[in-house]
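Visitor: I would like to learn how to read features such as burial, backbone angles and helix packing from a set of coordinates. Could we take them one at a time, with the general idea ahead of each case?

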Amino acid sequence: MSFIRTFHGDIEPSELGFTYSHEHIVCRPPFWVEKGEDDLLLDDKEASLKDVLDFTSHGGQAIVDATAVDYGRDVQAVADIATEAGIHIIGTAGFNKSFLWDAAITPHLHEVIGGNFHTYKDWIDGSQINDLTEYVVREVEEGLEGTKFKGGQVKFGTAYNRITPLEEKTIRAIARAHHETKAPIHSHTEVGTMALEQIDILKSENIDLSYVSFGHMDRNPDPYYHEKVASMGSYLCFDGIAKVKYAPESTRISCILELVKKGYEKQILVSGDTARKTYYKHYDYGLGLEYIIAKWVPRFIDEANKAGFDGEKLVQLFFVENPKHCFTFKG
């Protein structure tokens, strides 16, 4: 049986609808709390809800909340937003990147994790791979952080141009959790690097790479690299939309259309990774969650049509059909 696992239960893949494939909705990452980086704390549930409602007002139906255990989830707040906005939200089990692990473990997690660990690094370093796997499996099959809200994908991450031993440990734990649960896998690549090296590790764990989505591919706007990742059957997530401080929108669209030209249009996901107050409209006057669906999509359709493609058909793939397949548990 195939299904997609959301905060409020398993649904048929056809029910998912128009989807942002990588966002953060309510979170207080311990690392950024300790550093005093207020912009990176999405800590106002009502402000986040208003942005989600903007998204739904334009026809948005689903969001993948990619917030892992080390990034300060507020599971109940996100579940409440899903209910109040009438939207499907997919939660994320697993881990992010290693520099975040220097932070102290959020107090309420100690009972859930067990052991006498101070930091996330202590926990990951002091646990066997299969212990970490067991924790991730519980988050998928029982609930995130001991709640009743189950994770709908499993995640790992790596650093910029390197994979630390502890990051490799979490990759292997996530791979084994996937084998047990059939949950789709999501990868954080720092500045779009190390996807091919991650793939080598996943292959050694006998992972079918069509179950994997690689995030932040637009941070490394290299068509050759993108083709190498796509040739493995994986999904590529262009999740930096609107972040022109990294690259102009024309660069992202060009990279996406290059993949389309090469026949990989069914492996592309699009989102915003909206993880700062200054990116949100109702926190600090940013472009907000409505930007992609209301402004970027029409531009993309126009550019795709001018390039000889069917822009509307591609949007249907990137936001509806591809997420529907990517985030499905396949028995």
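Guide: Let us begin with burial, where a residue counts as buried when its relative accessible area is under 20% and as exposed when that area is over 50%. Please keep in mind throughout that this is a predicted model.

Visitor: Is His216 buried or exposed?

Guide: His216 has a relative accessibility of 7%, and because the cut-off for burial is 20%, His216 counts as buried. His216 is placed in the loop between E8 and H9.

Visitor: What should I look for in the backbone of His216, and what is the value of its phi?

Guide: The general idea is that most residues other than glycine have a negative phi. His216 is a residue other than glycine, yet its phi is positive, near 65°. Asn206 also calls for attention, since this residue, which is not a glycine either, has a positive phi near 60°. Asn206 sits in the loop between helix H8 (195-204) and strand E8 (212-214), and with a relative accessible area of 64% it is exposed. A glycine can be read in the same manner: Gly86, which follows H3, has a positive phi near 65°.

Visitor: Which residues of helix H3 are buried?

Guide: For a helix, the general idea is that an α-helix has 3.6 residues a turn, so residues three or four places apart point the same way. In H3, which covers residues 75-85, the buried residues are Val75, Ala77, Val78, Ala79, Ile81, Ala82 and Ala85. Among the elements that cover these buried residues are helix H2 (45-57), strand E4 (62-65) and strand E5 (88-94).

Visitor: How should I read contacts between residues that lie apart in sequence, and which residues does His22 contact?

Guide: One leaves out the neighbours in sequence and asks which residues have heavy atoms within 4.5 Å. His22, in strand E3 (residues 19-23), is buried at 1% relative accessibility. Beyond its neighbours within four places in sequence, His22 is in contact with Val64, Ala66, His186, His216, Cys237, Asp239, Ser271, Gly272 and Asp273. For one of these partners, Cys237, the separation from His22 is 215 residues in sequence, while the C-alpha atoms are 7.9 Å apart in space. Ala175, in helix H7 (residues 165-181), offers another case, as it is buried with a relative accessible area of 0% and touches Leu202, Glu205 and Ile207 when residues up to four places away are not counted. Ala175 and Arg299, on the other hand, are 124 residues apart in sequence and 37 Å apart between their C-alpha atoms.

Visitor: How do H10 and H12 pack, and at what angle?

Guide: For a pair of helices one reads the angle and the separation of the axes, then the handedness and the residues in contact. Helix H10 (residues 249-261) packs on helix H12 (residues 290-306) at about 55°, the axes being 11 Å apart, which means that H10 is oblique to H12. Their crossing is right-handed, and the contact joins Glu249, Ser250, Ile253, Ile256 and Leu257 of H10 to Trp296, Arg299, Phe300, Glu303 and Ala304 of H12. By residue type, this contact divides into six nonpolar, one polar and three charged.

Visitor: What angle do H12 and helix H13 make, and which residues form the contact?

Guide: H12 and H13 (residues 311-326) pack at about 135°, with 8 Å between their axes, which makes H12 oblique to H13. This crossing is also right-handed. Its contact is made by Ile292, Trp296, Val297, Phe300, Ile301, Ala304 and Asn305 of H12, together with Gly311, Glu312, Leu314, Val315, Phe318 and Phe319 of H13, a set that divides into ten nonpolar, two polar and one charged.

Visitor: Which residues have the most contacts inside the largest nonpolar core?

Guide: That core has 98 residues, and those with the most contacts inside it are Trp123, Trp296, Phe300, Phe318 and Phe319. Phe318, leaving aside neighbours within four places, is in contact with Ile256, Val260, Glu265, Ile268, Leu269, Val270, Phe300 and Pro323. A second, separate core has eleven residues, including Ile4, Ile11, Tyr235 and Cys237.

Definitions and conventions
Residues numbered from 1 in each chain as written. Predicted model: local features only at pLDDT ≥ 70, side-chain atom pairs only at ≥ 80, totals over all residues. Heavy atoms only, no water. Axes fitted to C-alpha atoms, helices over the stretch in contact; angles between N-to-C directions. Helix = DSSP H or I, 4+ residues; strand = E, 2+ residues; numbered from the N terminus. Parallel < 35°, antiparallel > 145°, perpendicular 65-115°, else oblique. Left-handed = near helix turned anticlockwise from the far one by under 90°. Nonpolar A, V, L, I, M, F, W, Y, C, P; charged D, E, K, R; others polar. Core = buried A, V, L, I, M, F, W, Y, C linked by side-chain atoms within 4.5 Å. Buried < 20%, exposed > 50% of the residue type's maximum accessible area, 1.4 Å probe, protein only.
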